[in-house]
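Here's a quick look at some aromatic contacts and at the space inside the fold. Have the sequence and the model open side by side as you read.

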Amino acid sequence: MILNLVYWSMRNLLKFCYLFLVLLFVACGGGTKEKKPEGEAINSEVSTAAESTAKTQKILFFGNSLTAGMGLEPEMAFPGVIQGFLDSLHLNYTVINAGLSGETTASGENRVSWLLNQKIDIFILELGANDGLRGIPLEETRENLQAIIDAVIATNPETRIILAGMQIPPNMGPAYTTDFKRIFPELAKKNNTALIPFLLENVAGNPDLNQEDGIHPTEEGQKIVAKNVWKILEPLVK
């Protein structure tokens with residue numbers, strides 16, 4: 001009888017242990033299954049973010065102190081204002097301000113190649129004013145601008161180019177001033193690029209819209225310059 005009792009007790013104990021192990025296995029297995037969808041969701045979010053970044057198009061502003069926003073915070077320069085326009089319209093573009101104070105067309109030609117290592121969708125060329133103010137021979141300015149355009153096209157023929165027209169005061173004489181102004185529309189026509197007729201339209205010569213040097217726009221002046229650019233740029237980004 002005692003043996004039967006021991007046998008019955010052992011048998012029930014084994015059944016209990018077996019049931020416990022089964023429940024423990026099911027519980028662990030359930031936990032693993034719950035973690036898998038979570039991992040998949042994280043991977044999906046990372047993939048979506050990467051795709052979004054890859055699809056961002058780039059607009060490069062290549063110019064001198066006017067582009068750089070000399071005397072102002074970088075975001076106040078007209079390229080920064082343009083970024084605000086793009087963001088407000090939820091357009092997937094990133095503006096790159098490659099303005100450099102004192103830049104001439106010659107130094108720009110030397111500098112442009114390393115900026116083209118990245119894919120640029122729209123290239124806005126704003127150079128020449130410093131050439132004019134220094135009296136650099138017009139043919140040299142023309143050739144340098146053409147060389148920059150050629151470099152952009154050679155790197156990526158699909159890059160759309162906008163040429164910013166510039167004018168200078170008549171200090172160098174009427175012939176030089178007039179011929180300088182003609183360089184930009186003539187190059188735009190030759191290369192079939194978009195043209196901003198005069199970057200500083202409604203800003204140049206207005207003391208209320210320029211800093212003390214009379215050359216570089218104030219914050220309000222930069223907003224007007226941005227509108228001059230936006231008139232030409234907007235059709236290309238929509």
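A residue counts as buried when its relative accessible area is under 20%, and as partly exposed between that and 50%. Keep in mind that this is a predicted model.

**Aromatic pairs**

There are four aromatic pairs in the structure. Two of them are set out here.

| Pair | Centre to centre | Angle between planes | Geometry |
|---|---|---|---|
| Phe62 and Phe123 | 5.7 Å | 40° | tilted |
| Phe85 and Trp230 | 5.4 Å | 65° | edge-to-face |

Take Phe62 and Phe123: the pair links distant parts of the chain, with Phe62 in strand E1 (residues 57-63) and Phe123 in strand E3 (residues 122-126), 61 residues apart. Both of these phenylalanines are buried.

The other pair sits on helices. Phe85 belongs to helix H3 (residues 78-88) and Trp230 to helix H8 (residues 219-237), so this contact ties together parts 145 residues apart in sequence. Are its two members buried or partly exposed? Trp230 has 12% relative accessibility, so it counts as buried. Phe85 comes out at 24% relative accessible area, which makes it partly exposed.

**The cavity**

Now for the empty space. The structure holds one cavity of 30 Å³ or more, and the volume of the largest cavity is about 30 Å³. Which residues line the largest cavity? They are Leu116, Gln118, Ile120, Val152, Thr155, Asn156 and Thr159. Sorted by class, that lining has four polar residues, three nonpolar ones and no charged ones.

Definitions and conventions: Residues numbered from 1 in each chain as written. Predicted model: local features only at pLDDT ≥ 70, side-chain atom pairs only at ≥ 80, totals over all residues. Heavy atoms only, no water. 1 Å grid on protein atoms, 1.4 Å probe; cavity = no way out; pocket = protein on both sides within 12 Å on 5 of 7 lines; lining within 4 Å. Points joined across faces, edges and corners; volume = space filled by probe spheres on them. Nonpolar A, V, L, I, M, F, W, Y, C, P; charged D, E, K, R; others polar. Phe/Tyr/Trp six-rings, centres within 6.5 Å; stacked < 30°, edge-to-face > 60°. Helix = DSSP H or I, 4+ residues; strand = E, 2+ residues; numbered from the N terminus. Buried < 20%, exposed > 50% of the residue type's maximum accessible area, 1.4 Å probe, protein only.
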